[in-house]
Amino acid sequence: MSSLESQLSELVVKNNEQINEVFSITETLRDLPQELADQKERLESFLRAEDAEDKFDEVMKQQRDTQRKMNRMNKKYACLSKLVKDNETELTHLQTFISSDTMTDIKQRLTDQDKYLKCMEGKQKEIDEKYRKRCEDMDAQIQANYDELASSLHGHFKSLQSKVSKEISDTKLLINSLETRNSEITEQLSNYKSHNQELNEVKIKMISLESENLKLSKDVAALLKRSLRDAWPACRMQIDNSDKLSFKKGTILTCFNSCLLNIGNCYNRSTGIFKAPCKGLYLRSLMLESDNRMATQFIIYERKGGNEAVKGSTHTNSHQSIACIVTVLELNQADEVYIKSLNDIERIKFNRFSYFLCVLLQQM
């Protein structure tokens, strides 16, 4: 009896191992229909997709994988058949010794296992259903976000397009304005060149006139020196200073600091006044040339017994920098002649051709 129990125990252990192996193969075979269904579903989804032709290689690959799994299953099935056939005698003996309670327990375990698998399958379906709903919700949310983003981008694009159009329009207006301004500047430049040419011609004429006046002054001085009478009163004062000068309105000019001629000392350089030594006709001349083209006006005054009177004026401006005046007037003894500025002048620069001349022509 002890030997029989030992043999039975060995058979039970061996049988349990075989049962476990059977369960393993059964589980594999149980999952096979689901795997085939999944393969079928994926194949149908590939066939429904627009890019099915592009996924043909992937389908073929999955089919080869399935074929390999089937081959493995066939091998396991053959192994199982061989195992059952090889252990048929032992199973017969086992059935003899195994009690009905043991088989009932095994059946109960199989039943419980099957219920567990069905329960797990139900839970898996619930999980799949939740996952599917979650994916649908995510797809809907993504689509809504996409629509909102597309609408926002479209509005932003319209606004940006409007701003760009306005900038282009403003730029065109600015270009047209600049072109018009350029035309005006070109025309002004042409006029300036024309005026500059005229100014150069006037300057040449004034230089020629000044040269003639200088020659006339020299001739007058020579005639005075050759006079048989006493020396005739005469003065020619010139500006010989390159510094820039400033004058206040109504101030007598004392800037003639170079004495070329002062017969009788009738001109006072410190006061800028010529005083007539006798009654007669006097030649008076004033020539001013500005190097920095400033607008100025100078007046020749005559003072008789304290009464001041204007006897001539000259002016310069930005287009005409040379001014000259020549007059012949009657003066009594002790009458005064001088020059004043009509307005305030700052930093004017006279060249060396500027002069003041007063000569007695005929004594009366």
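Select strand E5 (residues 273–275) and strand E10 (residues 336–341) in this predicted model. The two strands run antiparallel and are joined by two bridges. Within this pair, display phenylalanine 274, whose bridge partner in E10 is valine 337.

Next, widen the selection to the sheet around this pair. It is an open sheet of five strands, with antiparallel pairing and the order E4-E5-E10-E7-E8. Strand E4 (267–268) and strand E8 (307–316) stand at the edges; each has a single partner strand, so one side of each is left without a neighbour in the sheet.

Return to Phe274 and add Phe256 and Phe356. Of the 29 residues in the largest nonpolar core, these three touch the most other members. The elements that give two or more residues to this core include strand E1 (234–238), strand E6 (280–289), strand E9 (322–331), E10 and strand E12 (355–363). A second, separate core has ten residues, among them Ile263, Met287, Leu357 and Val359.

Centre the view on phenylalanine 256 and show its contacts. Leaving aside residues up to four places away in sequence, phenylalanine 256 touches, among others, Met237, Ile239, Leu286, Leu288, Ile339 and Phe356. Its contacts also include Gln238, Arg269 and Ser354.

Finally, move to helix H4 (residues 100–226) and select valine 164, which lies in this helix. Is valine 164 buried or exposed? Its relative accessible area is 41%, so valine 164 counts as partly exposed. Add Leu160 and Ile168 to the selection: with Val164 they form a nonpolar patch on the surface, and together the three have about 250 Å² of accessible area.

Technical notes: Residues are numbered from 1 along each chain as its sequence is written. This is a predicted model: local features need pLDDT of at least 70, side-chain atom pairs count only at pLDDT 80 or more; totals for chains, interfaces and linings use all residues. Side-chain values use heavy atoms; hydrogens and water are left out. Patches are made of residues with over 30% relative accessible area and no salt bridge: like charges are joined within 9 Å, nonpolar side chains (Val, Leu, Ile, Met, Phe, Trp, Tyr) within 5 Å. Accessible areas come from the Shrake-Rupley method with a 1.4 Å probe; for residues, only the protein chains shown count as cover. A salt bridge is a side-chain nitrogen of Lys or Arg within 4 Å of a carboxyl oxygen of Asp or Glu. Helices (H or I, at least four residues) and strands (E, at least two) are DSSP runs, numbered from the N terminus. Buried means under 20% relative accessible area, exposed over 50%, partly exposed in between (1.4 Å probe, protein chains only). Two strands pair if DSSP finds at least two bridges between them. A nonpolar core is a set of buried Ala, Val, Leu, Ile, Met, Phe, Trp, Tyr and Cys residues joined through side-chain atoms within 4.5 Å. Contact means heavy atoms within 4.5 Å.
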